[in-house]
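This briefing concerns two regions of one protein: a sheet and a residue within a helix. Please consult the sequence and the structure shown here alongside the notes that follow.

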Amino acid sequence: MSPPVAAERTVVQDDSAPFSSKQLSKDFPGAVPPGCLDQPTPTLPTQSLLVNLDLDAFMAQNWDYSKDFEKMDKARRAANYIAAAMIFLKDNVEMKEQLSPDHIKNRLLGHWGTCPTITFIYSHCNLLIRKHDLDMFLVLGPGHGAPGLLANLYLEGTLAKFDDKYNWSVEGLYNLIKGFSWPGGFPSHVNAETPGAIHEGGELGYALAVSFGAIMDNPDTIVTCIVGDGEAETGPTATAWHSYKYIDPKRDGAVIPILNCNGYKIAETTVCGTMSDIELVTLFSGYGYQVRVVDKMDKFDIDMAASMEWAYKEICKIQKAARDGKPLVKPRWPMIILRSPKGWTGPREVHGKQIEGTWRSHQVPLPAVKKDKEELDALQKWLLSYKPDELFKSGTPIQDVMDAFPHPGRMMGRNKKTYAAYKPLSLPNYRTFMFEHSSATKDDWQSCTKTGGQYLKAVVEANRQTFRIFSPDELSSNKLDAVLEKTDRSFQWDPFTRGGGQVLEVLSEHQCQGWMQGYTLTGRVGLFPSYESFLPIVTTMIIQYAKFQKMASETRWRREVGSLNYIESSTLWRQEHNGYSHQNPSLIDTLINLKSKLIRIYLPPDANCLVSTLNHCLTSKNYINLIVSSKQPMPVFLSREEAIRHCAAGASVWKQFSSDEGRSPDVVLVGCGNEVTFEVVAAARMLQKDLPNIKVRVVNVTDLMILSATGGHPHSLSDEEFQALFTKTAPIIVNFHGYPSVIHALLFDRPTVSDRLTVNGYREEGTTTTPFKMLTANGCDRFHLAIDALRAVIRHGREEVYNDAHLLMSEYRMRLRAHDKYILEHGDDPKEMMEIPSL
């Protein structure tokens with residue numbers, strides 16, 4: 001029986017069709033997905049997906065490459081020698097003596113398996129740079145292959161440029177080899193101390209997205225990105241292959257992705273390693289690439305040189321068409337799959353087991369070398385196989401090795417885009433986007449993010465080449481879509497957004513994060529707005545970036561970069577319609593534990609404060625800025641000038657909502673976050689009305705990190721400043737946007753606070769319910785706050801109000817029960833719960 005055959009999909013385009021092609025527009029895309037109509041689709045050569053190149057013809061046209069290959073081979077031998085020596089040797093770095101156990105490091109750290117291929121690719125990048133004078137640098141996905149990269153940086157003189165202790169000498173070579181994975185030397189993975197690096201190499205999955213971020217608005221830059229076949233198994237990498245669909249060949253540069261298929265991870269075969277050429281090529285052709293497989297070991301240099309030249313010419317062809325006003329539709333960008341043996345050029349067999357070409361070469365292929373004579377002899381033979389005496393003269397590379405590298409201005413490790421490219425934004429006068437007067441009147445309420453969107457619209461217009469917004473399909477939902485009045489989304493495969501805008505939306509937080517990191521570390525500024533509940537998806541990426549920035553700040557030749565800027569909106573308190581899964585403020589918890597000098601967390605209470613905070617964050621450098629803000633209409637609590645002063649201070653007493661302007665309070669009510677501050681103000685008003693002989697001070701905290709103990713953060717309040725806001729003795733009731741443990745942690749070392757502190761916040765109580773029920777379920781509503789305040793006042797000595805307080809607490813509990821009954825009957829909150837009580 002024959003298998004069923006899928007019916008061909010047909011598209012009707014006559015005038016009688018309900019969705020005629022003549023009607024199609026950005027606002028009316030029709031019945032089929034955009035991109036399916038009215039545009040030619042490149043033919044996918046299903047019979048011959050593999051890109052075939054005539055290597056003999058290539059060499060006939062480039063006969064002089066033979067001399068280049070000889071010099072490149074010497075440079076690779078030198079680099080592989082240094083890389084291997086870095087893993088094993090603490091002495092005898094020139095191998096002038098017979099190797100002995102005393103020359104071996106006590107702790108063998110490093111990853112050899114990927115190093116020879118890194119060196120091979122590095123040499124061919126250099127060849128392409130020299131032939132075409134290219135602006136190129138390398139992003140290394142297998143960051144554990146640091147020895148391979150560092151060895152090349154030594155040979156080209158870049159390490160010495162940035163640190164003279166690695167100069168071309170026996171001492172410089174000794175410092176590099178002994179110092180690797182040794183206290184005071186380079187770590188085992190690529191990090192910010194590595195020249196040319198814009199990617200923390202410790203966690204796999206992000207190199208490709210970072211590479212694409214780096215070429216955005218860099219039209220003349222090419223990034224070669226090595227993706228290991230282990231890294232290719234990660235989810236973020238799987239999505240990142242789609243990045244070219246968001247690259248505008250007119251205004252952006254290009255990436256040459258090289259998938260290094262060596263077949264093994266730490267102790268197992270890789271997925272890509274089990275796939276045939278045609279299976280891999282079919283996969284990546286589906287992604288939209290032209291694929292060239294490099295695997296001819298007998299002509300490896302010729303094969304790779306021809307493939308890199310082909311990739312460069314394909315890039316030029318695509319870019320020229322776009323820049324001449326005739327862009328190709330769905331251009332197929334080039335990529336290379338490089339099949340090379342893992343641990344190539346290392347020991348082939350030890351103890352009767354294969355090493356080269358297997359997982360055994362992944363890390364330290366001779367782990368017992370200090371005690372095992374067979375392994376020591378194998379290391380001696382291995383290192384001498386590179387003939388280091390022919391390649392170095394007293395630690396200085398011979399001229400042929402030096403000739404394999406470009407001139408200093410084009411060396412990949414010295415590309416200024418990777419360490420000294422920051423350009424401050426040209427920002428509008430933010431004051432003009434703020435409301436002059438405060439107002440709690442319902443008709444005057446404003447959406448914070450909608451107001452912020454108006455400011456960002458002007459930022460977009462003034463910074464066409466240096467500012468982008470990366471969003472997981474949530475820009476409009478988060479009410480920041482005013483920016484689309486001045487720019488468009490950039491999705492090149494959609495005919496309606498092919499113009500090359502400054503907004504990139506893709507439903508992958510990993511992709512947005514990687515793009516923004518690459519964009520930021522090459523000198524520009526990005527913004528990442530997201531639903532609060534889903535931004536924690538990139539928590540580990542943010543942690544890795546923070547580690548990179550921490551080391552960058554301690555590396556003297558690294559220049560400043562713009563900050564990473566996040567806006568969390570659609571927050572948990574107004575996710576009552578989406579439910580429990582959309583209620584997650586945990587990113588705050590992660591950030592407060594990172595290096596304090598890098599972290600800034602802001603919870604602006606109204607629209608004016610958000611605009612002021614945005615302006616501050618976009619001018620800041622080297623930070624990770626998190627802004628948590630509501631998209632729903634809220635009171636404008638502070639006038640323009642009040643908001644500016646409040647944001648500069650980080651916190652202040654709100655006299656207009658306090659008893660007697662906040663003087664000598666019996667209790668301090670503190671709001672930190674939009675909705676919770678609204679409830680603090682409501683609770684204060686209730687108490688002032690219901691029990692006027694209790695004096696209430698209202699404090700709002702917009703800069704969360706001011707709460708940490710003196711010296712715990714650059715923004716920490718001194719003890720005197722803290723007491724001026726929160727008093728020395730009055731009970732403090734904090735209503736916090738996120739988990740209460742955050743406030744407890746920040747205030748733990750504050751003297752005389754713990755015994756008078758009550759913290760309310762999100763306690764993992766949530767579902768699909770009403771907005772006010774979300775607050776009551778977590779004890780963050782006005783009634784619970786008022787009850788807490790009354791209890792605290794009595795506990796701190798105001799026993800004379802006990803009777804009145806007891807009656808009020810009973811009334812407030814009764815009103816909570818009445819609210820529960822009301823929402824079950826009506827499905828919504830009573831109107832008065834969305835208002836601030838009047839006095």
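Strands E18 and E20 (residues 696–701) run antiparallel and are joined by three bridges. The model is predicted: local features need pLDDT of at least 70, side-chain atom pairs count only at pLDDT 80 or more, and totals for chains, interfaces and linings use all residues. Residues are numbered from 1 along each chain as its sequence is written, and side-chain values use heavy atoms, with hydrogens and water left out.

**The sheet**
- Val-653 has Val-699 in E20 as its bridge partner.
- Five strands (DSSP E runs of at least two residues, numbered from the N terminus) form an open sheet with mixed pairing in the order E18-E20-E19-E21-E22; two strands pair if DSSP finds at least two bridges between them.
- Strands E18 (651–653) and E22 (757–760) stand at the edges, each with a single partner strand, so one side of each has no neighbour in the sheet.
- On average, neighbouring strands of this sheet are turned by 20° against each other, direction ignored; axes are lines fitted to C-alpha atoms, for helices over the stretch in contact, and angles run from 0 to 180 degrees between N-to-C directions.

**The helix across the sheet**
- Helix H20 (residues 674–690) lies across E19 (667–672), E20 and E21 (732–736), running at about 155° to E19; helices are DSSP H or I runs of at least four residues.

**Gln-513**
- Gln-513 is in helix H15 (residues 509–521).
- Gln-513 counts as buried because its relative accessibility is 0%; buried means under 20% relative accessible area (1.4 Å probe, protein chains only).
- Residues touched by Gln-513 (heavy atoms within 4.5 Å) include Phe-528, Val-538 and Tyr-566, not counting residues up to four places away in sequence.

How values were computed:
Buried means under 20% relative accessible area, exposed over 50%, partly exposed in between (1.4 Å probe, protein chains only).
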